[in-house]
Structure formats: C-alpha cells, structure tokens
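User: I have a chain to go through with you this afternoon, and I would like to take it a piece at a time. Here is what I am looking at.

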Amino acid sequence: MASANTSGSEENFSCSICLDVFNNPVSTPCGHNFCRTCITKYWDEQVKFKCPLCNMAFNTRPDLRINTLLSELAAHKADADREIVDGVHILTALKRCIEKCQDDLNQMVKEKLKSTEKQAEDLIKELEQEIEDLTNRCSEVKQLSHTEDHLHFLQTFRSLKDPPPTRDWTTVEVRPPSYVGTLRRSLDQLEETLNMEMKKLRDAELKRVQKYEVDVTLDPDTAASQLILSEDGKQVHDGGVAKALPDNPKRFTKKVRVLTRQSFSSGRFYFEVQVKDKTAWWLGVARESIDRKDLIIVTPENGYLALFSYKDALVFRDNPDVRLPQRAELQKVGVFVDYDEGLVSFYDVEARVHIYSATGCSFTEPLYPFLGPGPCDYGGNNSAPLIILPVNQTD
C-alpha cells in the first residue's frame, strides 16, 4: 500500500480500504477502484465476494484489471511526494546547519570576549596589588621618618631602601579580540554542507530521469554518406570518405548527422551517449520536419535542441549560443526530454551533474534523438565513435 498522504487534492486518487494513494490500482466489475493488495486481502477474509463500497455481490471471485489511468496519476502524486520529501530534507539540513553555524559563531565570539575580559581583570588585579604594596610601603616609610630611635631607623631602612618590583604600565594594553575569519569559517562549514546536500540532490535527480530510459538505435537511412554505423545501430563515427548511397529524402546530405529509428510524440524519454576521446560532437533531439538537405544552422528555431562540443568549448546551440563551463573529462552525456512540459535537459552522467536545460519549448511533432560524431581528420583525431549506452541505474 502507498504511504499515507494528507493532501486534499489526492482524495480522488485514494483507496477506500487503506485510505492511501492508490498503489497498483485495479477495477472491480462494478466500476470501483482499489489497491490490488487491499482488495485481494479483503476478499481473502470474506466468505462472499462483494464490493467494499457498493456491496455488489459477485458469484465468483472477479478478475481484476489494472486501471492504467489511475496508475499513472498515482505515479505522478508519488513523484510529487518524493520531490517534496527531497526538498524538505535538503532545506531542513540547511536550516540545521545555519542554526549550528549561528550557535558556533555566537559561542566563538563569546569565548574570545570572555578571554579578553579575563585578561583585563587579571591586569586590574595586578595593578591593584601593586598600588596596595606601594601604599603600604609609603605608610611604613612615613612612620619610620617620625621615629627617634636611630638604631631602629637604620635597621628598618635597610629593608625599605629597595622598592618592590613594579610593571611599566605605560606599555600595557588590552587589545580587543580579533574576529577575523570567525564568520568565514562558519560560512565555509555551511558551504560544505550545502555542497554535500546538492550532491545528494543531483544524484537523486539523475536517478529519477534515468527511469525513463528508452532503447534507441541509429537509422542508416538518415545517416550522412561518410558516416559508419555499427551493425547493432549503437555506434557511429566519421569514415572520412563519402559513400555512394541511394538518394533518400530522410538522409542528411550536407550535415554529418544521423537520427534514431525511434521517435517520441509524448511523455518522457532518456538516453545516454558516450563521448569519450572525442574532440568534436553534436548531441540532442530534432523535430521530424528538420531540413536534411541544406546547411541549416542548429538552433531551436530550426528544429534542433542540441549540445555542441569542440576542443575546450561546450555550447548549447541557440541564437545566441549559450556557452557552458567545459566539463573536465566529460565521458558520458545523458539527454532527458519531457515532451509535454517542453523540457530538454543534458547531464554529465559520470559526475552526476546537470549541464543545461532548455525550457518552455513547444513540441507539436515527433522528436528524434540525433548524433553528430564530428569530422575525423587525416591525423586520426576525433576518430572515436559516439556510442549509445545502456543506462546503469545502480551507480
């Protein structure tokens, strides 16, 4: 059964037996819906089979059919719950860290102030003791000056002639405590906690999109003539020489690219491509209606949403281009598309870091993943293939 959720918006998607959000919802012949586990257990404990809501009796145990719509809706209100839980967890951790930093800062400031005050108090006591000693000495000398016993005077004066040791108080100062670096150390701790929580968030985000993995293969009918595809349709590289191929309206003729056989017109999908050892490459998705015959600039207006990498440059092609921080040793790129939300996101899979997202897109036609391995020069540079890899969701 699903975990309890008190959101009022989910009442229409709750099982009347467990009162939780549907988990694997099924429908009875009378049209009511329950969690499969709940209704199965309910009927296991009954002599007669009937609906828990309307009490309709059934002669035999009914066959239960999965309610696809409710399953999808329940999977969504659950995704939302996970998003809220993850967000609350991170914000709570940050709140605790901020409170701890504040407490530590207050404690450090108080301890430094207390140490300075003790130093001042010790100096005051030392000065008071010196004043007391000198005052006593002054009284003794004054009394001795009035004595008429000369022998006593000589004997006592011998012990009074050397004054007690005193400090040169003109050089004594109590310096105010230094708080330099105190706040910085607290903020460093906060930054460390934030980075740790952000790493957890990035990892969770990538794991969520990886669940939408699709199995795609490259379509040789769309590949530019100089491209060489593997037999399984998972790899492509530039062979350097254009082959004589039959004219095909789907084939790229002036751009070194290839589309997948599979297209997507709704929902979400995700795939990963190895870009290791490449000095140049293109990767993204393209609308079905793109111009495949002319030298068209890769931009969203022309039907492409793509990353381009060349040597030390990493760019999302737009008008103008969006220059991105170069990912050191970028080896594997993940591409996630939410067709209905108009979202295309790119990830550094190995570092588990979000690279860039194009948002607010409007899709009205099928989208195809596309790969461009970039040209291979005579020195063999950039000869490594782009490889569509299976998603490893256990990392």
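Analyst: Before any element is named, it helps to fix the labels: helices are DSSP runs of H or I with at least four residues, strands are runs of E with at least two, and both are numbered from the N terminus. Please also keep in mind that this is a predicted model.

User: Fine. Which helix is E192 in, and is it buried or exposed?
Analyst: E192 sits in helix α4, and at a relative accessible area of 58% it counts as exposed, because exposed is set at over 50%. For a sense of distance, its C-alpha is 47 Å from that of I66, and the two residues are 126 places apart in sequence.

User: Let's move to the interior. Which residues touch the most other members of the largest nonpolar core?
Analyst: That core has 47 residues, and the ones touching the most other members are W281, V333, V344 and L371. Strand β10, residues 280-287, contributes five residues, the most to this core. A second core, separate from the first, has 16 residues, with F13, C15, F34 and C35 among them.

User: What is W281 in contact with, sequence neighbours aside?
Analyst: Once the residues within four places in sequence are set aside, W281 is in contact with V275, L307, F308, S309, L314, L330, V333, G372, P373 and L386. As background, nonpolar side chains tend to be buried together in soluble globular proteins.

User: And F316, where is that?
Analyst: F316 is in strand β12, and its relative accessible area of 1% makes it buried, since the limit for that word is under 20%. Leaving out neighbours up to four places away, its contacts include P300, L305, A306, L307, D321, V322, L324, F346, Y356 and A358. Of these, F346 is 30 residues away in sequence, with 9.7 Å between the C-alpha atoms.

User: Switching to pockets: how much space lies in the largest one?
Analyst: The largest pocket holds about 480 Å³. It is lined by 20 residues, and the ones closest to its centre are D79, E83, R208, Y212 and R268.

User: Which element gives the most to that lining?
Analyst: Helix α2 does, with six residues. The elements giving two or more are α2 (68-145), α4 (182-210), β14 (332-338), β15 (343-348) and β16 (353-358). In character, the lining divides into eight nonpolar, eight charged and four polar residues.

User: What about helix α1, which of its residues are buried?
Analyst: In α1, residues 36-44, the buried ones are C38, I39, Y42 and W43. They lie on the same side of the helix, because the arc they cover around the axis is only 120 degrees. In general, an α-helix has 3.6 residues a turn, so residues three or four places apart point the same way.

User: What covers the buried residues of α1, and which exposed residues does the face turned away carry?
Analyst: The cover includes strands β1 (25-27), β2 (33-35), β3 (49-50) and β4 (57-58). The face turned away from the buried side carries T37, K41 and D44, which are exposed.

User: Now the backbone. Which peptide bond is cis?
Analyst: The bond from N319 to P320 is cis, with omega near 10 degrees, and P320 is in the loop between β12 (313-316) and β13 (322-324). For context, most peptide bonds are trans, and most residues other than glycine have a negative phi.

User: On that note, where are N55 and N382, and what is phi at each?
Analyst: N55 has phi near 65 degrees, a positive value in a residue other than glycine, and it is placed in the loop between β3 and β4. N382 also has phi near 65 degrees, but its place is the loop between β17 (367-372) and β18 (386-389). N382 counts as buried, because its relative accessibility is 5%.

User: Last one: what does C54 touch?
Analyst: C54, which is in the loop between β3 and β4, touches C30 and H32 when residues up to four places away in sequence are not counted. H32 is 22 residues from it in sequence and 8.5 Å away, C-alpha to C-alpha. With a relative accessible area of 35%, C54 is partly exposed.

How values were computed: Residues are numbered from 1 along each chain as its sequence is written. This is a predicted model: local features need pLDDT of at least 70, side-chain atom pairs count only at pLDDT 80 or more; totals for chains, interfaces and linings use all residues. Side-chain values use heavy atoms; hydrogens and water are left out. A nonpolar core is a set of buried Ala, Val, Leu, Ile, Met, Phe, Trp, Tyr and Cys residues joined through side-chain atoms within 4.5 Å. Buried means under 20% relative accessible area, exposed over 50%, partly exposed in between (1.4 Å probe, protein chains only). Contact means heavy atoms within 4.5 Å. On a 1 Å grid over the protein atoms alone, a cavity is a set of points where a 1.4 Å probe fits but cannot get out, and a pocket is an open set with protein on both sides within 12 Å along at least five of seven lines; lining residues have an atom within 4 Å of a point. Grid points are joined across faces, edges and corners, and a volume is the space filled by probe spheres set on the points. Ala, Val, Leu, Ile, Met, Phe, Trp, Tyr, Cys and Pro count as nonpolar, Asp, Glu, Lys and Arg as charged, and the others, Gly among them, as polar. The arc is that of the directions from the helix axis to the C-beta atoms.
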